[in-house]
Amino acid sequence: MSQAAGLFLVDEIMLVAIDENIDDGDIVALQDRLAEEVHANDAQGIVIDISALEIVDTFVGRIIAQLAGIGVLLDAPTYLVGMRPAVAMTLVELGMTLPSVRTARNLQHAVSRLRSGR
Amino acid sequence: MNRLPRLRGQLFERHEITVEKDIVRARQAVGRAMDGLGAKAIRKTRLVTAASEIFRNGLNYGGGAVALIHCDAGNRMVWVDCIDDGPGIEDMALALRDGYTSGTGLGRGLGGAKRLVDEFDIVSEPGVGTHVRLAGRA
């Protein structure tokens, strides 16, 4: 996989930064890599930052939901942060409300919620 | 295949979509076209998202496609054509219905794209190909 997504372990939390140029293959590869890394590093939570993404279409939306699902199964609660307002509006218009995905306003919020076990 | 009428306005960019990275390049070009007309974030996001859906369809179902992006500055519209010579769509009403998918998507691709744009047109003929046209006002 190219530099389309970065994974960083910070204080037992896996941070995932998704690049604007990520393509379908990259994001599918990210699923595998994230699952491996969370397991290998015993991460206690996952925060996915999509602030670089100009759009989230149905394909990327579906993968994000799957990433969160994988996190839950690995006992690593997953938060999505950084969604642009126009992206949120467009996703709702598409009917993709991502009900299974927990969101937080920013990285700090996500980390403090993970720390307090919510 | 019945052809959609020729577009007025200036050709902004033309992209061949043969690999996944081309979807990214072509949708970013749609974004630049909207920026060129001074589009607001929400209008740009809607059109770029819809374009991403149809470009992916062109690649995954059409076996590759050509994307044509036109700017109509007078009407402040960006037009996006996605043309493939793939297997075509047998049942158009079904394909446009929300929730339908013949592939691996969530089934909101084509119907969802239609809902996000100001103009939507599609012609398809089994064995000949598919031509989808979208437009968004800046």
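Me: How many salt bridges are there over all chains?
Reply: The count comes to twelve over all chains, a salt bridge being a side-chain nitrogen of Lys or Arg within 4 Å of a carboxyl oxygen of Asp or Glu. This is a predicted model, where local features need pLDDT of at least 70, side-chain atom pairs count only at pLDDT 80 or more, and totals for chains, interfaces and linings use all residues. Residues are numbered from 1 along each chain as its sequence is written, chains are lettered from A and ligands numbered from 1 in the order in which they are written, and side-chain values use heavy atoms, with hydrogens and water left out.

Me: Which residue does Asp26(A) form a salt bridge with?
Reply: Lys21(B), with the closest N and O atoms 3.0 Å apart. Asp23(A) is linked with Asp26(A) and Lys21(B) in a network of salt bridges.

Me: Is Asp26(A) buried or exposed?
Reply: Buried, because its relative accessible area is 10%; buried means under 20%, exposed over 50% and partly exposed in between (1.4 Å probe, protein chains only). Lys21(B) is partly exposed at 29%.

Me: And what does Arg46(B) form a salt bridge with?
Reply: Glu93(A), at 2.7 Å between the closest N and O atoms. Arg46(B) has a relative accessible area of 22% and is partly exposed; Glu93(A), at 26%, is partly exposed too.

Me: Switching topic. Which residues touch the most other members of the largest nonpolar core?
Reply: Among them are Val30(B), Leu47(B) and Phe55(B), in a core of 35 residues. Such a core is a set of buried Ala, Val, Leu, Ile, Met, Phe, Trp, Tyr and Cys residues joined through side-chain atoms within 4.5 Å.
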